[in-house]
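Reader: Could you walk me through this structure step by step? I would like each term explained as it comes up.

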Amino acid sequence: FPSSETKACPVVMGPNIKPFPIGEPIANKITKSVLLKTGDNVTTDDIVPSNANLLPFRSNIPYLATFCFGTLSDTFKAKAEVNQGGVVIGGENYGQGSSREHAALVPLYLGVRAVIAKSFARIHRSNLINAGILPLVFSDPNDYDLIAVDDVLVFDGLLDSLQAQQDIIVYNQTKNRSFTLLFTASSRERDVIRGGGYLNYSKNNSLEVTPCIPSH
């Protein structure tokens, strides 16, 4: 169909299907609080449970957000809302387990802009990038011990560092100290994260396609 006709077609969704959360392009300066600090081997089920009671709501991200990090915190959703999002601190092998993208989409919906960990499970790291959430690794794992919940972190020159493929320096305003983070990524991953996730990247890099009209 011509694009004018397709744009006019309404998309009808049932009451349990909610809009997909879309990430925001990375700003050069981000100031956010630490919402949660986890231990090692946090699973995607810890981030968003996948039990039988919640599976019917897989298309309802706002509802799933009620249970975000529910195995680790009873107040994560409320804390994220009060702080208008923030940062999560993780240990080793953050995001292990199933490859469900909900473990990235639900934190995105709640405004999580970055996860800083000692290491990431491979697929979850990719899901975070595709959602527009920065997966950052401690250059010195001992810096993990010097960060606490509610610390205010300042990412200044963030976009500049990503574009120059440099280490990211973060200032802990609460503790009055800085630490270094790594984002080892391909050029495509850097483009995706700068644009705020894969949907934005795909939209910004799409080509105009001329509709194929059958001849008579």
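Author: Let me begin with a term: a polar contact is a pair of N or O atoms within 3.5 Å, where, within protein, one must be able to donate a hydrogen and the other to accept it, and residues adjacent in sequence count only if both atoms are side-chain atoms. The model is predicted, so local features need pLDDT of at least 70 and side-chain atom pairs count only at pLDDT 80 or more, while totals for chains, interfaces and linings use all residues. Residues are numbered from 1 along each chain as its sequence is written, and side-chain values use heavy atoms, with hydrogens and water left out.

Reader: Okay, which side chains are joined by a polar contact of 2.7 Å?

Author: Those of Asp46 and Thr71. The Asp46 side chain also reaches the backbone nitrogen of Thr43, at 2.9 Å.

Reader: And where is Asp46 placed?

Author: Asp46 belongs to helix H2, residues 44-47; helices (H or I, at least four residues) and strands (E, at least two) are DSSP runs, numbered from the N terminus.

Reader: What is the nearest side chain of opposite charge to Asp46?

Author: That is Arg100, 9.2 Å away, and Asp46 is buried yet has no salt bridge. Buried means under 20% relative accessible area, exposed over 50%, and partly exposed in between, using a 1.4 Å probe and protein chains only. A salt bridge is a side-chain nitrogen of Lys or Arg within 4 Å of a carboxyl oxygen of Asp or Glu; for charge, Lys and Arg count as positive and Asp and Glu as negative, with His and the chain ends not counted.

Reader: Changing topic, how many residues are in the largest nonpolar core?

Author: There are 27, and Phe69, Phe76, Tyr94 and Val115 have the most contacts inside it. Such a core is a set of buried Ala, Val, Leu, Ile, Met, Phe, Trp, Tyr and Cys residues joined through side-chain atoms within 4.5 Å. Helix H5 gives the most to this core, with 5 residues.

Reader: What does Phe76 touch?

Author: Leaving aside neighbours within four places in sequence, Phe76 is in contact (heavy atoms within 4.5 Å) with residues including Leu35, Phe69 and Val112. In addition, the side chain of Ser73 reaches the backbone nitrogen of Phe76 at 3.2 Å.

Reader: Is Ser73 buried or exposed?

Author: Ser73 counts as buried because its relative accessible area is 15%, and Ser73 sits in the loop between H3 and H4.
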